[in-house]
Every structure is written in structure tokens, then in C-alpha cells.
Amino acid sequence: MARTSPARFVRQVRQEVSRVTWSTRKDTATGTLMVFIMVLIAAVFFFLVDLLLSWGVQSILGLGG
């Protein structure tokens, strides 16, 4: 493999960075909002599953007061 000079490497990196398509502020905000919504939905889902399972185990083992 041929060695690349540091100057050539920097030029190649600048070329690659110029080809990158960056997200707009609106796209980033929309993506962030979607992540928060999905986290909220998952948290509620797992809370309800945990509640149901703990109720089931307590009733099976007779620990429920």
C-alpha cells in the first residue's frame, strides 16, 4: 500500500467532508422529537408489563395483602 503525504491526506479529507449531506435543523428537531416519543411509549409499555407481571406473581404466590 502506497503512503500518502500529510498534505494530500488533508486535501482528500476536505474533499470527502464537502460531499457530506448534513441534516437541516428541522430534520434534526423532528428526529429528536420522534426519539422522545418512542422512549415515552416504550417506558409506558414496560411499566404496564411490569405492573401486570408483578400483580400476576403476587397473586400466584399469595403475597398480595
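A search of the whole structure, which is a predicted model, finds one salt bridge. It joins glutamate 16 to arginine 19, with the closest N and O atoms 2.9 Å apart. Side chains of opposite charge can pair when their charged atoms come close. The two partners lie three residues apart in helix α1, which covers residues 6–19, so that about one helical turn separates glutamate 16 from arginine 19. As for their surroundings, glutamate 16 counts as partly exposed, at 45% relative accessibility, whereas arginine 19 has 57% and counts as exposed, because the term exposed applies over 50%.

The aromatic side chains offer a second point of contact to examine. The count comes to one aromatic pair, formed by phenylalanine 45 and phenylalanine 46 in an edge-to-face arrangement, with 5.1 Å from centre to centre and 70° between the planes. The pair is called edge-to-face because the angle between its planes is over 60 degrees. Phenylalanine 45 is partly exposed, its relative accessible area being 48%, while phenylalanine 46, at 55%, is exposed.

These local features can be set against the chain as a whole. The protein chain contains two helices and zero strands, and its C-alpha trace spans about 75 × 35 × 15 Å along the principal axes. Its radius of gyration is 26 Å, whereas a compact globule of 65 residues would have one near 11 Å. Of the 65 residues, 2% count as buried, and the chain exposes about 6500 Å², of which carbon and sulfur atoms supply 69%.

Note on methods
Residues are numbered from 1 along each chain as its sequence is written. This is a predicted model: local features need pLDDT of at least 70, side-chain atom pairs count only at pLDDT 80 or more; totals for chains, interfaces and linings use all residues. Side-chain values use heavy atoms; hydrogens and water are left out. Helices (H or I, at least four residues) and strands (E, at least two) are DSSP runs, numbered from the N terminus. The radius of gyration is taken over C-alpha atoms; the globule rule is 2.2 Å times the number of residues to the power 0.38. Buried means under 20% relative accessible area, exposed over 50%, partly exposed in between (1.4 Å probe, protein chains only). Accessible areas come from the Shrake-Rupley method with a 1.4 Å probe; for residues, only the protein chains shown count as cover. Rings of Phe, Tyr and Trp (its six-membered ring) pair if their centres lie within 6.5 Å; planes under 30 degrees apart count as stacked, over 60 as edge-to-face and the rest as tilted. A salt bridge is a side-chain nitrogen of Lys or Arg within 4 Å of a carboxyl oxygen of Asp or Glu.
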